[in-house]
Amino acid sequence: MNLHTTPHNSRAPRTTRRLAALAATAAMVVAGVQAGTAVATPDDDARTTSAKPATAAALGVNPSAQRATAIKSAQAEASSAAKALKLGGQEKLIARDVIKVAQGTVHTRYERTYDGLPVLGGDLVTHTTAAGKIKSVDKATDAKIAVASTTPKLKAAASARKVIYAGGENPVLAWETVKKGVQKDGTPSRVHTITDATTGKKLHSYEAIETGTGNSQYSGEVEITTTKSDAGFELTDGERGGHKTYDLNQGSSGTGDLVTDDDDTWGDGTGGDRQTAAVDAHYGAAKTWDFYKTALGRDGIAGDGKAAYSRVHYGENYVNAFWDDSCFCMTYGDGEGNKAALTSIDVAAHEMTHGLTSATANLDYAGESGGLNEATSDILGASVEFFADNASDAGDYLIGEKIDINGDGTPLRYMDKPSKDGNSADFWDENLGNLDVHYSSGVANHFFYLLAEGSGKKTINGVEYDSATSDGSTLTGIGREKAYQIWYKALSVYMTSTTDYAGARVATEKAATDLFGADSEELKAVSATWTGVNVK
């Protein structure tokens, strides 16, 4: 892969600026929204049908500086919010995110504490008018947060954290421990286990390292943003929050070495050149950042204008990629024989979206909420692939289509009919939460495909699809752009850490109402599509 960059010093003297047209377009979109020149769209109280996708303003545009100020203001008003919600005297709210939409509605996401202890599963989102009046609230639990004592009867390891666990029927005092290790395939492991501090009973556990799969070396010759250094050039993207790409040199910890080059021409498009994987990861991260900003009005993964970083060449023959909240980073293996790094556009987008989910709904990575977490990464990963519009890796509704991990040319997952992979679920049933999160994600992936494209046979970008509903109904899609806007709106302002499939239906119906109106065809389509995958 040959990649050439040209210095342009009008705004950033030491930064090589590429993708200039796309960056300029994104800047104009954001500037227009901030200045109030964007086309007005219905908000929470709207009751009209929209024929066009919503603008970023309707999704909630929060430039990083405004976001920080908004969170600080929300925290100052947290006590008042707690009183308005009639929380107990020992409960306090910690503002984590604030999203203000075009017509003034403010969505504030809070974590909760009880007597100074974190409440796991106690998060909530308030929805207030521009004047500050709470219209509604979405809670991870409706249970009253209270325990008889915050003094545990059982001791725990010195590293354990004392918490209130609100994920069951009744909140209990508990210990949270984290066991670090390595999974069977070489992925790092960070298992969180919640134990009743009175009885010792195991209440919950989940793996904090969130994984995904994909391919590399399929994007062809691309343009990326690099930074000039004293020694030459480095893979630092000053246009997108300072994203950096590192070479782990087959290691499994730390950051390794920042990838550099003498002449600003990177890689050769083969696994034999170590820069190729770094270029693909850097390019995928840039495309995902641009999608978030242009399509969703979001300034980076956490909405604070700061980039994560990428690590390539992880381990030996590691056939996976993962997101890790603890480092706020994406990590990619080199595949079988260390020759096919898993660094394609959709993989980068998948991993970065795990970070987005953590910064918003923070969907628990277990059970049905874990399936929704994985599906969110597939949904937005596929959306980024379409957005990138790369001739060498055209957008599709297939996951891992380039890897050939099955040895027969088939993809890892199918969004139009998830069960084609032999493991994923097409439709909801009461046992769905018992599946691995990569397979329970099938229902949400199927929902998204049907919502965007509709049921039946069709060909998109040369790929044939055939999607059916659980009840035999015929569905007409509303288009991919509206579909991902609805999903993102639901994720960012209505879903909580414990949202299950029934909750996802409610959240997306609220989002569709906000964006397109209570009488809109889009809302009707969302409801019909959930019914079509047996979520009623």
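Select Thr245 and show its surroundings: leaving out residues up to four places away in sequence, Thr245 touches Leu235, Asp257, Leu258, Val259, Ala278, His282, Ser310 and Val312. The residue belongs to strand E14, which runs over residues 243-247. Is Thr245 buried or exposed? Its relative accessibility is 0%, so Thr245 counts as buried. Now add Ala281 to the selection and draw a distance between the two C-alpha atoms: Thr245 and Ala281 are 36 residues apart in sequence, yet 7.4 Å apart in space.

**Zoom out and colour by confidence**

Before going further, bear in mind that this is a predicted model. Colour the chain by pLDDT. The mean over the chain is 86, and 87% of the residues reach 70 or more. Where does pLDDT stay under 50? One stretch is residues 1-49, for which the model has 114 contacts beyond four places in sequence. Another is residues 211-216, with 39 contacts beyond four places in sequence. Where pLDDT is low, the predicted coordinates should not be read in detail. Those contacts of residues 1-49 and 211-216 come from stretches where pLDDT stays under 50.

With the whole chain in view, switch to a cartoon. You will find 12 helices and 23 strands. Of the 536 residues in the chain, 57% are buried. Turning to contacts with a separation of 6 or more, 61% of them join residues 24 or more positions apart.

**Helix H10 and its partner H5**

Next, select residues 480-493, which form helix H10. H10 has 14 residues and reaches 20 Å from its first C-alpha to its last, close to the 20 Å expected at 1.5 Å a residue. Turn on a surface for the rest of the chain: 12 of the 14 residues of H10 are buried, so this helix is largely enclosed by the rest of the structure. Among the buried residues of H10 are Lys482, Ile486, Trp487, Lys489 and Leu491.

Keep H10 on screen and add helix H5, residues 274-296. Two packed helices are described by the angle between their axes and the distance between the axes. What are the angle and the distance for H5 and H10? The two helices pack at an angle of about 95°, with their axes 11 Å apart. H5 and H10 are therefore roughly perpendicular to each other. To see the contact itself, show side chains for Phe291, Ala295 and Leu296 of H5 together with Tyr484, Gln485 and Tyr488 of H10. By class, this contact has five nonpolar residues, one polar residue and no charged residues. The three H10 residues that take part, Tyr484, Gln485 and Tyr488, are buried.

**Helix H11**

Move along to residues 501-516, helix H11. Its 16 residues reach 22 Å from the first C-alpha to the last, close to the 22 Å expected at 1.5 Å a residue. How many residues of H11 are buried? The count is 12 of 16, and the helix is mostly covered. Try picking out the buried ones, including Tyr501, Arg505, Glu509, Asp514 and Phe516.

**Strand E5 and a loop lysine**

Now jump to Ser136 in strand E5, residues 134-139. Ser136 has 33% relative accessibility and counts as partly exposed. Leaving aside neighbours within four places in sequence, Ser136 is in contact with Val125, Thr126 and His127. For one more distance, pick His107: Ser136 and His107 are 29 residues apart in sequence and 9.8 Å apart in space, C-alpha to C-alpha.

Then centre on Lys420, in the loop between strand E21 (413-414) and helix H8 (437-440). Lys420 is partly exposed, with a relative accessible area of 47%. Its C-alpha lies 9.8 Å from that of Thr410, 10 residues away along the chain.

**Two positive phi angles**

Finish with backbone torsions. Most residues other than glycine have a negative phi. Select Asp389, whose phi is positive, near 50°. Asp389 sits in the loop between helix H7 (367-388) and strand E20 (398-399). This residue is exposed, with a relative accessible area of 67%. The last stop is Asn534, in the segment after helix H12 (521-532). Asn534 is not a glycine, but has a positive phi of about 70°. With a relative accessible area of 26%, Asn534 is partly exposed.

Definitions and conventions. Residues numbered from 1 in each chain as written. Predicted model: local features only at pLDDT ≥ 70, side-chain atom pairs only at ≥ 80, totals over all residues. Heavy atoms only, no water. Axes fitted to C-alpha atoms, helices over the stretch in contact; angles between N-to-C directions. Helix = DSSP H or I, 4+ residues; strand = E, 2+ residues; numbered from the N terminus. Parallel < 35°, antiparallel > 145°, perpendicular 65-115°, else oblique. Contact = heavy atoms within 4.5 Å. Nonpolar A, V, L, I, M, F, W, Y, C, P; charged D, E, K, R; others polar. pLDDT = per-residue confidence, 0-100. Expected span 1.5 Å × (residues − 1). Buried < 20%, exposed > 50% of the residue type's maximum accessible area, 1.4 Å probe, protein only.
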